[in-house]
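Below are some notes on the model, set out as numbered points. Please read them alongside the coordinates.

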Amino acid sequence: MSKLEDNYLHIFTPSGMWGDQILNLFACHYHMQHMSKEGIIIHTAKESFTPADKDILKFWTTFNFIKGIIFDVDQHTLPEDVQNSNYDIFPYLNYGFNEDYCFDFSETINFSAFPSSSFEINEPKVAVFQPISLKNKPAHHEGFTMEDFICEWDQSIKELLFKGYKIYAIGSSTDEKKYKELYPNISNNSNIVNLMGKISMFEAINLVMNKASFVLSCDSWAGWYGIASRIKTGYAAGPLIESGQDKQYLELIKNKDVFFMDYSSKKQQTDN
């Protein structure tokens, strides 16, 4: 089957996963530039493992290099759909790039196109804290359990408070219930502002990428968005990365001079 040709880089990225967006787009932006392409066209599906998130579709429109979206590739049938697409879909997972690459990815986003918000933060030292996110995590995987996705944070929080950071906890309202259950000493600390379930995803992204001077994150989106925007980040990766299954996704992000990563399964050892 002959393919249509243009001067854009055509890629697949899912329309229902927030963490995947920044990983995939960070790498593809690099390849776009080094292949002298004029922009990126996203190929995706309206529903796959998870339904398309309309806020992710809106998020894509705020990037200055994304030039279009085509709904013709489903993650369930990815190989077949890529073959049948009218365009060559670039297999970015198969292409590494410079380990020393550094770039502030927030420069590619038009934050003024985000939905209007009255939420404001003006503190000089802001730490954004995403303590827990168990959505879409497998219950069991190669000897790991859901418990291995749960981090310990006591020492990290103590250090951030000692260094004068104002800490803002983020996550969904579902995450908040587990946060209060698992971390009562932290969730009851009056020096930590609980924003879980209280701000939109766009407000949370803006907080991480534009307001934070440090990000402390479980195995979820906040860590990747902090790293992509060159914010100092402490990241507790989960069992899928530790076991090597998701190692290829870790290779999509660089800025390796700004983050420290260890594994949530190591509990107190990681927290220290």
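1. The surface comes first. In this predicted model, the chain exposes about 13,200 Å², and carbon and sulfur atoms supply 47% of that area. Of the 272 residues, 52% count as buried.

2. On overall dimensions, the C-alpha trace spans about 60 × 45 × 35 Å along its principal axes. The radius of gyration is 19 Å, which agrees with the value near 19 Å for a compact globule of 272 residues. Among contacts with a separation of 6 or more, 77% are between residues 24 or more positions apart.

3. The secondary structure consists of 11 helices and 11 strands. Two open sheets are described in the points that follow, one of 3 strands and one of 6 strands.

4. The 3-stranded sheet has the order 1-2-3, and its pairing is parallel. Strand 1 (9-12) and strand 3 (66-71) form the edges, each pairing on one side only. Neighbouring strands are turned against each other by 25 degrees on average, direction ignored. Between strand 2 (residues 40-44) and strand 3 there are 5 bridges in the parallel sense; within this part of the model, histidine 43 has isoleucine 70 of strand 3 as its bridge partner.

5. Helix 1 (residues 18-34) lies across strand 1, strand 2 and strand 3. Its direction runs at about 160 degrees to strand 1.

6. The 6-stranded sheet is also open, with the order 8-7-4-9-10-11 and parallel pairing. Here the edge strands are strand 8 and strand 11 (259-263), and each pairs on one side only. The average turn between neighbouring strands is 15 degrees, again with direction ignored. Strand 9 and strand 10 (residues 232-237) run parallel and are joined by 4 bridges. Phenylalanine 214 has lysine 232 in strand 10 as its bridge partner.

7. Two helices can be placed against this sheet. Helix 4 packs on it, touching strand 4, strand 7, strand 8 and strand 9, and the direction of helix 4 makes about 165 degrees with that of strand 9. Helix 7 (residues 201-211) lies across strand 4, strand 7 and strand 9, running at about 135 degrees to strand 4.

8. Which residues of helix 4 (residues 154-162) are buried? They are Ser156, Ile157 and Leu160. These residues cover an arc of only 95 degrees around the axis, so they sit on the same side of helix 4. An α-helix has 3.6 residues a turn, so residues three or four places apart point the same way. The face turned away from the buried side carries Asp154, Lys158 and Phe162, which are exposed.

9. What covers the buried residues of helix 4? The cover includes four strands of the sheet in point 6, namely strand 4 (126-130), strand 7 (166-169), strand 8 (192-194) and strand 9 (214-217). It also includes helix 6 (184-187) and helix 11 (268-271).

10. A last remark concerns the residue after this helix. Helix 4 is followed by glycine 164, whose phi is positive, near 90 degrees.

How values were computed: Residues numbered from 1 in each chain as written. Predicted model: local features only at pLDDT ≥ 70, side-chain atom pairs only at ≥ 80, totals over all residues. Heavy atoms only, no water. Buried < 20%, exposed > 50% of the residue type's maximum accessible area, 1.4 Å probe, protein only. Arc of directions from axis to C-beta. Contact = heavy atoms within 4.5 Å. Pairing = 2+ DSSP bridges. Axes fitted to C-alpha atoms, helices over the stretch in contact; angles between N-to-C directions. Rg over C-alpha atoms; globule rule 2.2 N^0.38 Å. Areas by Shrake-Rupley, 256 points an atom, 1.4 Å probe, with all protein chains shown as cover.
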